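Got your viewer open? Let's take a short walk through this protein, starting with one term and then picking out a few places to click on.

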Amino acid sequence: MKYVEFGSTGVKVSEMCLGTMMFGDRCSQDEADRILSAAIEAGVNFIDTAASYCQGETERILGNILAGKDRQQLFIGTKVTKTTAADWILQSIDESLSRMRLDYVDLYMIHWPRENMEPEKMMEALNKVVQQGKARFVGCCNFPAWLLAHCNAIAERNGWAKLVCNQIPYNLVERGVEVEVLPQAQAENIAITVYRALLMGFLAGKYNPDSPIPEDSRGRTDTRIAVWLEKFGPSLRQYLQFAADRNLHPAQLAIAWVRHSPAVTSPIVGVSSLSQLEASLKAFDVELSDEEYETVTGFFDTAVKEETGGSFPALRRSFKLVAR
């Protein structure tokens with residue numbers, strides 16, 4: 001397992017982040033324990049969870065498992081949910097720590113931005129969490145670039161803890177964050193963790209445009225899968241063939257594609273079984289060449305298109321405007 005700098009924190013985390021959303025939902029505590037133990041043995045030290053997962057049950061299960069692990073070797077992140085209000089931020093961290101039986105988390109994140117949020121009060125509350133020793137760092141999920149910059153400008157003016165990361169969905173189909181979010185992260189040394197790299201199994205070989213949607217799959221209840229199969233069927237055929245030609249599992253190719261971005265810190269891989277974990281770990285040994293990356297990207301006509309003309313749209317995606 002490779003280790004990477006987590007933004008500007010000075011801390012190194014495993015390139016794979018273990019997502020725990022399945023714990024307590026599609027995964028029992030015993031299986032979750034086997035998964036976490038095997039992940040740690042493989043060198044994974046980065047664990048992602050949230051207060052909202054299974055109404056807190058995921059954090060409770062994680063707490064039961066962590067009781068037998070070396071806490072000091074792990075980088076654990078959780079998220080406040082429901083609101084960005086200051087009083088809730090301070091209450092939610094205490095509830096999360098109690099469920100996980102921890103004195104602190106390494107990373108405490110705002111889960112989603114909300115309408116009519118008050119960034120100054122939010123950032124002040126997050127700073128209190130850090131000052132009280134309940135979190136080492138604070139971050140966010142699903143923030144547009146301007147909002148993250150706005151919040152960090154508030155923190156800078158007041159000498160408060162800044163947001164050190166942004167957790168976002170990113171894959172071959174959902175590529176909107178290539179506009180400004182990823183270039184901003186690279187320029188400002190903000191860690192980027194990526195969820196939905198496999199697009200709910202769409203890029204993991206679970207679905208085939210030439211076959212019916214499996215009975216036991218998420219595609220039976222989530223209508224987006226059928227829409228994507230209709231829209232991107234030819235693209236998916238090329239993608240699956242590319243993986244097969246290189247003896248790669250499609251999931252390995254999907255994760256390797258995400259990892260190729262210079263702005264991505266760690267893909268989050270959520271699994272519900274030990275066998276899924278073992279297959280996922282192999283993805284972090286796959287390195288795409290620039291040519292292979294461009295070929296795979298070209299299968300999907302999913303780049304955000306803007307009809308502004310001229311060169312401005314390309315500037316919003318550029319990683320080369322700021323010297324590194």
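First, the term: a residue is called buried when its relative accessible area is under 20%, exposed when it is over 50%, and partly exposed in between. Keep in mind that you are looking at a predicted model.

**Stop 1: the whole protein**

Select everything and show it as a cartoon. You should find 11 helices and 10 strands. Turn it around: the C-alpha atoms fill a box of roughly 55 × 55 × 35 Å along the principal axes. A compact globule with 324 residues would have a radius of gyration near 20 Å, and the protein has 20 Å, so the two agree.

Now switch on the surface. The accessible surface comes to about 15,000 Å², and 48% of that belongs to carbon and sulfur atoms. Of the 324 residues, 54% count as buried.

Next, colour by charge. There are 34 positive and 41 negative side chains, and the centres of the two sets lie 2 Å apart. And how do the parts of the chain meet? Among contacts with a separation of 6 or more, 77% are between residues 24 or more positions apart.

**Stop 2: Thr58**

Select residues 57-66, which form helix α2, and find Thr58 in that helix. Is Thr58 buried or exposed? Thr58 has 0% relative accessibility, so it counts as buried.

Who is around it? Leaving aside neighbours within four places in sequence, show Thr20, Met21, Phe23, Thr49 and Tyr53, which are in contact with Thr58. Then zoom in on Phe23: its backbone oxygen lies 2.7 Å from a polar atom of the Thr58 side chain.

**Stop 3: Cys54**

Now select Cys54, in the loop between β4 (46-48) and α2. Where does Cys54 fall on our scale of buried, partly exposed and exposed? Its relative accessible area is 23%, so Cys54 is partly exposed. Check the backbone too: Cys54 has a positive phi of about 55°, although it is not a glycine.

**Stop 4: Lys82**

Last click: Lys82, which lies in the loop between β5 (75-80) and α3 (86-100). Lys82 is not a glycine, yet here you'll find a positive phi of about 75°. What about its accessibility? Lys82 comes out at 59% relative accessibility, which means that it counts as exposed.

Note on methods:
Residues numbered from 1 in each chain as written. Predicted model: local features only at pLDDT ≥ 70, side-chain atom pairs only at ≥ 80, totals over all residues. Heavy atoms only, no water. Helix = DSSP H or I, 4+ residues; strand = E, 2+ residues; numbered from the N terminus. Rg over C-alpha atoms; globule rule 2.2 N^0.38 Å. Buried < 20%, exposed > 50% of the residue type's maximum accessible area, 1.4 Å probe, protein only. Contact = heavy atoms within 4.5 Å. Areas by Shrake-Rupley, 256 points an atom, 1.4 Å probe, with all protein chains shown as cover. Lys, Arg positive; Asp, Glu negative; His and termini not counted. Charge placed at Lys NZ, Arg CZ, Asp CG, Glu CD. Polar contact = N/O pair within 3.5 Å; in protein donor to acceptor, adjacent residues only side chain to side chain.
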